[in-house]
Structures are given as C-alpha cells and as structure tokens.
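This report looks at empty space inside a protein and at a patch on its surface. Please view the sequence and the structure before reading on.

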Amino acid sequence: MDQVFNLNQSPHDFEHHDHAGGAVITADTASAQDLGTLLLNSTGEGISGTGMDGNCTLANPSCLKLLGFESDADVLGKHMHDLVHHTRPNGDPYAVQECRIYQAFQEGEGTHVTDKIMFYADGTNFPAEYWSYPVEHDGEMVGCVVTFVDITERLKQDEELRQTEKMAALGKLAAGLAHELNNPAAAASMASRQLLESLRDLQSATIELTRVGIDHQLWGSLVEWDRILQNRSSEATNFTTLELSNHEGELLDWLDDHGVEDGWDFSGTLAVAGIHPDDLEKIAATVPKDTLGEAISWLTKSFTAQDLAKAIVLSASSISKLVNAAKSFPFMDRDAVQNVDVHQGVEDTITILGNRLKQGIEVVRVFDQELPRIMAPGSELNQVWVNLLDNFKDALGNKGTITISTR
C-alpha cells in the first residue's frame, strides 16, 4: 500500500484509497509540519539547523545520535561550530570565519565537503562528509541547514580497496621481479659452473706450456696477446651470425694449415674474441712452431675463463640493479612522505617491468633534467608508474612505443 505526501497539500488532502479492500485512510489530523518532522526524524543522515548567530535551531534524532548527545536540549541554542566543528583534521584550530559550513549563509552559497572531521560529545572525533545550504524566509537569509554523515566505514572500505589494489600491483611487481632476477641468476649459475671447468683447463694449458719450456720473453708476449683478446671481445659482439660463422671457418682453415691439433675446439672462441688470421700470423711469428698449438690453447682457455668471470660480474650487477630498484617500492610504508626523484622512480619501475617491456616495446624518455625532487609518498607514485606502464603495455600489445616525458 503506497502513500504519497506532498508538503504543499492541506491536511485534509492527505488520504489514501485502498481500492482492493474498499477502505479509506485519511490524514485529517496530520499537518505538513507533522509530516516534515516525521521525515526529519526518520532520515539516517544527521540534520541540523543553524541561525545567523551560529546557534543551533534544530537537530534531528540522527544528528544527536551521530554526535553522541542525549537530547536536543544539549545542542539547541549552542554554537554548533564551537560544539562539534572547532578543529581541523591536522589539529589546528578552525576559526568560525573560515568554516565552510557558515559560507552557506555568509555568502549565500551551498557547500559540500568530504574531508573534514566533526566531534562527538565526549570530545573524540570522526571523519565526516557534510552539505551546508542557506535557508531563506520571505527573501531574507535566516541561517543554514547542515546534513552530515559519518564516513568512517566508507573510509575503511576505501582503504581495503586500496590494499587490494596495492597487493595486485605488488603481485605484478613480484612476478616481473622474479622473471627479471631469474635470467641473470641462471646466467651467473651456469657461468660459475663453466668457470670452474675452464680454470682446470687453463691450469692444464699453463702446465703444458711450462713443460715445453717457453722463456720469459714468450710468456710476456702471450700475456700481451691475452690482453688484446679481452679488448677485442667487446668489438666482436657487432658480428652478425653469418659473419661470425664465416670468421670461424677462416680461423679453422688457418689452424689446420699450421698443424694446430683440435683447431675446431679453438676457432669458435677465437672468432668470438675478434681474432683474425692476420693476428694468428703475428702470434706464430713470436712462438716456436712446435709450441704454437700449446700457445693457442693457453690463449683460448685464458680468454674463456676471463669471459666467464665477466659474465658472472655482469649478472651480479644486473641482480644488484634489480634489488636496488625493488627497494624503492616500500608498499607497506605507503603513507610515508619522502624526498622523491621522479625520474629514478620511473627508471626503477622500467627496470622491474623490463621483461614485459622488452617484448617489442620501445620506451622513449624525454626527461626535463631541471626537474626538482619533490616531497611525496614515493611508493604510491611508483604504484602509479606500475599501473600506467602495465596499462600502456596491454594497450600496445607486443609492439609499439611508450614515450615518457617530464616537465
């Protein structure tokens, strides 16, 4: 059975016809004022009226309940700002002249605020959202009406949602970090095992050279060529697969022509090191013919051992870089305000999400090098960078360009 009340109707107009049962319900004894009071008493929001002097003129039951007062006698005639709205969230005094509630009748405009606190009767406070609107009578401002709600539960739910989002972002980071760490860790592990074997081979090659009795001058020459091999190795990475294969074939032919046994075992390593047949000719010119094989073997094994050691250093450096990047994501301390380098935060995020961004995605940086550091919750900013980059990656698929600019 539905009832509709129009506060502009006269009391005799309030009646309800139940056509099914034939009964007629009238509200002859009701009045618009009674119905208004009923509505005020039934709403869940706190509602209070304030006169031009700032004193309370009305307080509905929800207002009293939300504020912790026993009856309206505790608030009627009292200055509402001094009673429940006297302090800012940071603890500073809140002057009534600055109060946005009072702007409603001071400036004749309504206001809506979501981030203030109000005080209970016992002096404790709660987060509140409120609306304040001016009240006029016969064209004259007579005060304002304030509606407010306790948003403690809402803020709790918002925080739970943020925690859920935080854990989701942390999960992405953990997965990305695990993948990024796995590659250098696996490379370091493999290189370490190979280095142990290579050191044994180098020791054997050194003993063999000593056995054939090379002199001090020849040792000096081999050590110098060993240094040259290490320098050449960085340049050799520019070879294409086909060029490297052809280069290896040329070296193998030279080794076979000069009677070096197991030349196939050396040609690949020498090719990677960037050694050419002309270099081997120079080595051969300084080494007795009967010890050329041993000298080539020693140089090859020395290069292999040092190259593996470099691989371990490079892998360890990559792991260290990833760990340092991960340290900038203190999600459990998300509210801590820090002196933040925005560029470093972006770079750390790119490092951790490196695997996802390497799949055909180019990241272009257009950074304003004059950008100052800022005071901000650094971990929350990093979470923003994670979400943005992850969304851009999903939008681009496996190919495209992400341009990051700062100013």
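How do the residues of the lining of the largest cavity divide into nonpolar, polar and charged? The lining holds 8 nonpolar residues, 4 polar ones and no charged ones. The model discussed here is predicted.

**The cavity**

Rolling a probe the size of a water molecule over the atoms shows where empty space is left. Searching the whole structure gives 1 cavity of 30 Å³ or more. The volume of the largest cavity is about 90 Å³. Residues lining the largest cavity include Ser-48, Thr-50, His-81 and His-85, and also Met-80, Val-84, Cys-99, Ile-101, Tyr-102, Met-118, Val-146 and Phe-148.

Three elements, listed below, each supply at least two residues of this lining.

| Element | Residue range | Share of the lining |
|---|---|---|
| β3 | 46-51 | at least two residues |
| α3 | 80-84 | at least two residues |
| β7 | 140-150 | at least two residues |

Of the elements, α3 gives the most to the lining of the largest cavity, namely 3 residues.

**The surface patch**

On the surface, a nonpolar patch is formed by Tyr-133, Val-135, Val-142 and Val-145. Together these residues have about 280 Å² of accessible area. Two or more residues of the nonpolar patch come from β6 (125-137), and two or more from β7. Strand β7 thus appears twice in this report, since β7 also supplies at least two residues of the cavity lining.

Tyr-133 belongs to strand β6. Is Tyr-133 buried or partly exposed? Its relative accessible area is 43%, so Tyr-133 counts as partly exposed.

Note on methods
Residues numbered from 1 in each chain as written. Predicted model: local features only at pLDDT ≥ 70, side-chain atom pairs only at ≥ 80, totals over all residues. Heavy atoms only, no water. 1 Å grid on protein atoms, 1.4 Å probe; cavity = no way out; pocket = protein on both sides within 12 Å on 5 of 7 lines; lining within 4 Å. Points joined across faces, edges and corners; volume = space filled by probe spheres on them. Helix = DSSP H or I, 4+ residues; strand = E, 2+ residues; numbered from the N terminus. Nonpolar A, V, L, I, M, F, W, Y, C, P; charged D, E, K, R; others polar. Patch = residues over 30% accessible without salt bridge, like charges linked within 9 Å, V, L, I, M, F, W, Y side chains within 5 Å. Areas by Shrake-Rupley, 256 points an atom, 1.4 Å probe, with all protein chains shown as cover. Salt bridge = Lys/Arg side-chain N within 4 Å of Asp/Glu carboxyl O. Buried < 20%, exposed > 50% of the residue type's maximum accessible area, 1.4 Å probe, protein only.
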